[in-house]
Every structure is written in C-alpha cells, then in structure tokens.
Amino acid sequence: MRISDILSTKQTFSFEIFPPKGEMSQAQAMGVAEQLMDFDPDWISVTFSAGGTGGTESTADIARSIEATGRTSALAHLTCLGSSESDVDYFVARLRSAGVENVLALRGDHAPGREVVDFAHASDLVAYLQGSGMCVGAACYPEGHVECESLERDIENLKVKQDSGVDFLVTQLFFENEDFYRFRERCTRARIKVPIVCGIMPFTSVSQIQRMAFSCGASIPSKVVRRLVRAGDDAASQRAAGIEYACEQMLDLAANGVDGIHVYSMNRPDVGRAAHDRLLEAGYLGATR
Ligand code: FAD
C-alpha cells in the first residue's frame with residue numbers, strides 16, 4: 001500500500017530495520033521483520049547502505065520479502081550519491097516487480113569514492129522518481145542537517161524536496177520533543193505541507209549515544225544524560241532506560257497530534273513490543289483521523 005494513502009487516514013506507526021549485517025543472515029533479518037509485524041506496523045522500512053554494510057541488493061530483497069508476506073507494506077531506502085540513473089531504474093524495477101510501492105529518497109553521506117554521478121541532492125532523486133509510479137518519501141532534520149549552515153537554510157532546501165514532488169517526510173532521530181514541535185512550526189511557516197513522520201530511536205548505551213550525536217548531530221539533553229547515569233554501568237539497565245525514555249517521547253508525540261511515529265528498531269523486536277504496548281494503551285494505535 002502507498003504510505004501517502006495510509007497517512008491520509010490515520011496517525012501511523014512503523015518500524016525501521018537494517019538488512020543483514022555481520023553474522024546475520026538474510027533469513028535472520030527477515031525473522032526480525034516477521035516478529036515486528038506481530039505489532040501491526042503500517043509499514044517497515046529497510047535501510048540502504050551503498051558500499052557499506054548490508055549492500056544494495058539486500059535492501060531490495062528484504063523489502064520484496066516484507067511485501068510478499070501481505071502483512072504490512074515495505075518502504076525501501078535508496079541513496080543516490082555515487083549512483084547513476086540506470087542504477088536507480090534497476091533498483092526501482094526490482095521493487096515494482098514485487099509490488100513494493102514506497103521508496104525513501106536519500107542523498108547518503110559523502111565517503112571516499114562516492115562522488116556525484118547523476119544526483120547531487122536527495123531532491124534530484126525525488127524529482128527523478130516522479131513518474132516512476134512509486135510513493136516517494138525523504139528525510140528531514142528537526143535540528144538541521146549537520147552539513148547545513150542553519151536550520152533556516154535546511155528548511156529552504158526541504159521545501160525544494162516538497163516542490164520536487166515528495167509525498168511524506170521522516171525525521172532524523174531526536175531526543176527533545178520540543179525541537180520537533182519548533183521544527184514542525186517552522187515547516188508550516190515555510191509552507192511545507194506534506195506529512196512529517198517522527199523517527200524515534202531508543203538509546204542503548206553511553207557509547208552508542210555519543211556515536212549517534214556525532215554522526216547525525218542530534219543533541220543530547222541533560223535529562224537523557226541523567227537517565228543514563230542513574231542506570232549505572234549495567235548494560236541491561238542502560239538499554240531499559242533508553243526504551244523507557246523513547247516510550248515517554250512517543251506518548252508525548254502521540255498526544256501532540258503528530259502525523260506518524262517511526263521506530264528505529266535496531267533489529268530488536270523488544271523495542272517494537274515496548275513501543276506498541278505503550279501506544280496501544282494510550283489509544284494511539286487503531287485510531288483513525
Ligand atoms: P539532502 O536532502 O540532499 O541534504 C543533504 C545536505 O545538502 C543538507 O545539508 C541540505 O540542507 C543540503 N541541500 C539539500 N538540497 C540542496 C540544494 N538544492 N542546494 C544546496 N544544498 C542542498 N543514510 C544511508 O546511507 N542509508 C540509509 O538507509 C539512510 N536512511 C536514513 C533515513 C532517515 C529518516 C534519515 C533522516 C537519514 C537517513 N540516512 C541514511 C542518512 C542520510 O543519507 C544522511 O543524513 C545524508 O547526509 C543526507 O541525506 P539527505 O537525503 O537528507 O540529503
């Protein structure tokens with residue numbers, strides 16, 4: 001099903017998984033997706049890693065397998081830096097032949113050997129995908145993209161994505177909901193009207209949160225640091241604190257009328273279960289617009 005159609009009827013609930021990496025097999029990654037489907041997500045997105053972990057083929061393979069279950073819809077991520085138009089055509093044809101209707105159009109990060117071929121910005125990919133028959137999503141950044149000089153300029157660039165035909169947006173993770181509410185307000189003022197789905201990732205440890213803050217520029221509020229300190233050195237307590245904090249964030253977002261909640265599951269069904277149970281209890285799941 002097209003995500004734009006789902007978003008027009010309800011506040012959504014969805015998960016992100018990554019394709020097999022390290023020791024994990026394709027079957028194991030699919031096993032994670034199947035377990036997450038028990039929590040009735042509106043869609044499951046599959047990350048794309050050009051030249052890195054996972055590989056591009058496995059993103060399409062997992063997305064195809066998710067769609068084939070008939071239990072939910074798949075959203076395949078696609079980065080365009082280093083890709084040609086024919087690479088994109090091949091990827092989209094693989095999705096379409098299996099009934100996958102949704103793609104998240106991304107630029108991807110700069111890396112040695114990954115130069116601009118046919119696409120410099122995600123908006124170029126969004127424009128190229130018009131007419132492909134796909135429902136096209138893209139990324140947005142409540143605190144601004146790390147490379148951009150200001151949030152204002154980043155929102156101007158986001159408007160170009162909308163003008164290029166994007167159907168919906170999914171945010172980078174954030175730990176402070178007020179940052180998202182301010183961003184949503186600024187988007188409204190910039191006449192960005194497409195639905196904005198909130199991406200939420202539970203923190204799992206001090207080192208993971210430091211890595212994330214560095215790689216994606218998300219700021220870490222002192223209340224998060226305090227939760228981690230209170231959890232002590234025990235890995236399980238730190239993980240539990242992260243899931244609890246993420247659930248509290250989601251409940252607040254649900255109460256504040258967001259378009260959707262997308263959980264960065266990190267391939268862990270327990271994260272999906274916690275989010276599902278809390279949002280169900282709060283009456284967020286199952287409600288129509
Ligand atoms: P863009 O929209 O192109 O923006 C990148 C930078 O360029 C920004 O600073 C922006 O302000 C600027 N910019 C945009 N358009 C213009 C313009 N016309 N002129 C001048 N400047 C411009 N990475 C992966 O490798 N695989 C994934 O699966 C993946 N999934 C993601 C999912 C989500 C929801 C998010 C938020 C990010 C994801 N990423 C993924 C990371 C993403 O690839 C990086 O954040 C990347 O640095 C930027 O991608 P983008 O699509 O936002 O790029």
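Begin by selecting the ligand together with every residue that has a heavy atom within 4 Å of it: this shell holds 23 residues, the closest being Phe 48, Arg 107, Asp 109, Tyr 141 and Asp 154. The model is predicted, so local features need pLDDT of at least 70 and side-chain atom pairs pLDDT 80 or more, whereas totals for chains, interfaces and linings use all residues. Residues are numbered from 1 along each chain as its sequence is written, and side-chain values use heavy atoms, without hydrogens and water.

Colour the shell by class next. It comprises 9 nonpolar, 9 polar and 5 charged residues (Ala, Val, Leu, Ile, Met, Phe, Trp, Tyr, Cys and Pro count as nonpolar; Asp, Glu, Lys and Arg as charged; the others, Gly among them, as polar).

Now display the polar contacts, pairs of N or O atoms within 3.5 Å. Select His 145, where a side-chain N or O atom is 2.8 Å from a ligand oxygen. At Ala 122, a backbone N or O atom lies 2.9 Å from an oxygen of the ligand. Asn 157 places a polar side-chain atom 2.9 Å from a ligand oxygen.

Switch to the cartoon, with helices as DSSP runs of H or I, at least four residues, and strands as runs of E, at least two. Strands S3 (73-79), S4 (102-106) and S6 (168-171) and helix H6 (151-163) each contribute at least two shell residues. H6 gives the largest share, 3 residues.

Finally, add helix H7 (residues 177-189), which H6 passes in a right-handed crossing.

Definitions and conventions. Polar contact = N/O pair within 3.5 Å; in protein donor to acceptor, adjacent residues only side chain to side chain. Left-handed = near helix turned anticlockwise from the far one by under 90°.
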